[in-house]
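Hi,

Here's the structure I promised to pass on to you. Have it open while you read, and my notes on what turned up follow right after.

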Amino acid sequence: MALTGLFLILFLVIHLIGNLQLLAGDGGEAFNRYSYFMANNGLIQLVSKLNFTFIVLHVIYSIWLARTNAAARPIPYGGKAKSVQATWNSRNMGILGTLILLFLIVHLKSFWFEFKFGTGLPMIEAGTYDGLNFAILDAYTVVATAYSTLPYMLIYVVGMLVLSFHLYHGFQSAFQTLGLGFSSYKKLIEVIGVVYAIIVPLLFAIIPVAMYLQQA
Ligand code: HEM
């Protein structure tokens, strides 16, 4: 659970850096170039498969953990919880994780699935080679069109709020599981965790809000 979570934490930073190019103010040139590279680089495609594997594993582990915890519940139903930490873990992380999964389904359908299997997508002329005209996907326009609608933009804002809470707890929990939570690094890990859980979702949320306002 901790290792898959840490991989996804790292993925989010890289994903964020790539997506911030949407705000470069260059009509999408940098983002389209980045998007083309991501879609056509063999190594990136391999990492992408690893990424999806880790997401699935993370979900499967979380379900297994929740069931194991529930079975080992040390208090009778209706009784008073002994551990506030355990209550937070089993209740909120499950709910937050489920909401993030719902967000991911909407997100992947709109972009990842659309980029890979969509038809009639906007294209841009990218030059000629051997007398043939080349066009690449105008990924920027696909994203900008999605964020031009208020409900879709709001899904991201709420999604990032949920992600923030999930990361706030998940970051520290992952390090604790790996045995670092009680070391002399405890305080440092806590601080990095809080900063990460606020900054990363906030920057993610700024993208759809800014793109919506640009088009409003
Ligand atoms: C403003 C925020 C975001 C934007 C603009 C954005 C944009 C995109 C785009 C354009 C793709 C398709 C990339 C491609 O197939 O070439 C993508 C894929 C993906 N996004 Fe996001 N994303 C955002 C936030 C998030 C968040 C918060 C998560 C996770 C909680 C996430 C998880 C993913 C995953 C797992 C993929 C598939 C990546 C892969 O192929 O390995 N995204 N995103």
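Start with β2: none of its 6 residues is buried, so this strand lies largely in the open. Keep in mind as you look that this is a predicted model.

The partner strand tells a similar story. For β1 the number of buried residues is 0 out of 7, so β1 too lies largely in the open. The two strands pair with each other in the antiparallel sense, over 6 bridges. If you want to find your way along the pairing, use two cross-strand pairs as landmarks: isoleucine 124 stands opposite isoleucine 136 in β2, and threonine 128 stands opposite asparagine 133 in β2. A general point to help you when you look at strands: in a regular strand, the side chains alternate between the two faces of the sheet.

Now for the turn. β1 and β2 form a hairpin with 2 residues between the strands. Which residue there takes a positive phi? That's aspartate 130, in the loop between β1 and β2, with phi near 55°. This caught my eye because most residues other than glycine have a negative phi. Is aspartate 130 buried or exposed? Aspartate 130 has 5 C-beta neighbours inside 10 Å, so it counts as exposed; the cut-off for that label is 12 or fewer.

Next, have a look at α2, since the hairpin comes up again there. This helix has 12 residues and reaches 17 Å from its first C-alpha to its last, close to the 16 Å expected at 1.5 Å a residue. Which residues of α2 are buried? They are Phe31, Asn32 and Ser35. These residues cover an arc of only 95° around the axis, which puts them on the same side of α2. And what do the buried residues of α2 pack against? Their partners are β1, β2 and α5. Turn the helix round and, on the face away from the buried side, you'll come across the exposed residues Phe37 and Asn40.

One more residue to click on in α2 is tyrosine 36. With 15 C-beta neighbours inside 10 Å, tyrosine 36 counts as partly exposed, because that label covers what falls between exposed (12 or fewer) and buried (20 or more). Try a distance here as well: the C-alpha atoms of tyrosine 36 and aspartate 138 are separated by 9.1 Å, although the two are 102 residues apart along the chain.

For another pair, go to isoleucine 105, which lies in helix α4. The C-alpha atoms of isoleucine 105 and threonine 141 are separated by 20 Å, and along the chain these two are 36 residues apart. Isoleucine 105 has 11 other C-beta atoms within 10 Å, so it is exposed.

Then there's α3. It has 30 residues and reaches 44 Å from its first C-alpha to its last, close to the 44 Å expected at 1.5 Å a residue. How many residues of α3 are buried? The number is 0, so α3 lies largely in the open.

On to the ligand. It is surrounded by 22 residues, and the closest are Asn19, Ser48, Asn51, Phe111 and Ile207. The elements that give two or more residues to this shell are α1, α2, α3, α4, α5, α6 and α7. Which of them gives the most? That would be α4, with 7 residues. Sorted by class, the shell has 16 nonpolar residues, 6 polar ones and no charged ones.

Finally, zoom out to the whole protein chain. It has 7 helices and 2 strands, and reading along the sequence you get the pattern α-α-α-α-β-β-α-α-α. The C-alpha atoms fill a box of roughly 75 × 40 × 35 Å, taken along the principal axes. Of the 216 residues, 15% count as buried. As for contacts with a separation of 6 or more, 70% of them are between residues 24 or more positions apart.

That's what I have so far. Have a play with it, and send me your questions.

Cheers

Notes
Residues are numbered from 1 along each chain as its sequence is written. This is a predicted model: local features need pLDDT of at least 70, side-chain atom pairs count only at pLDDT 80 or more; totals for chains, interfaces and linings use all residues. A residue is near a molecule or strand if its C-beta atom, placed from the backbone, lies within 6 Å of it. Helices (H or I, at least four residues) and strands (E, at least two) are DSSP runs, numbered from the N terminus. Ala, Val, Leu, Ile, Met, Phe, Trp, Tyr, Cys and Pro count as nonpolar, Asp, Glu, Lys and Arg as charged, and the others, Gly among them, as polar. The expected span of a helix is 1.5 Å times one less than its number of residues. The arc is that of the directions from the helix axis to the C-beta atoms. Two residues are in contact if their C-beta atoms, placed from the backbone, lie within 7 Å. Two strands pair if DSSP finds at least two bridges between them.
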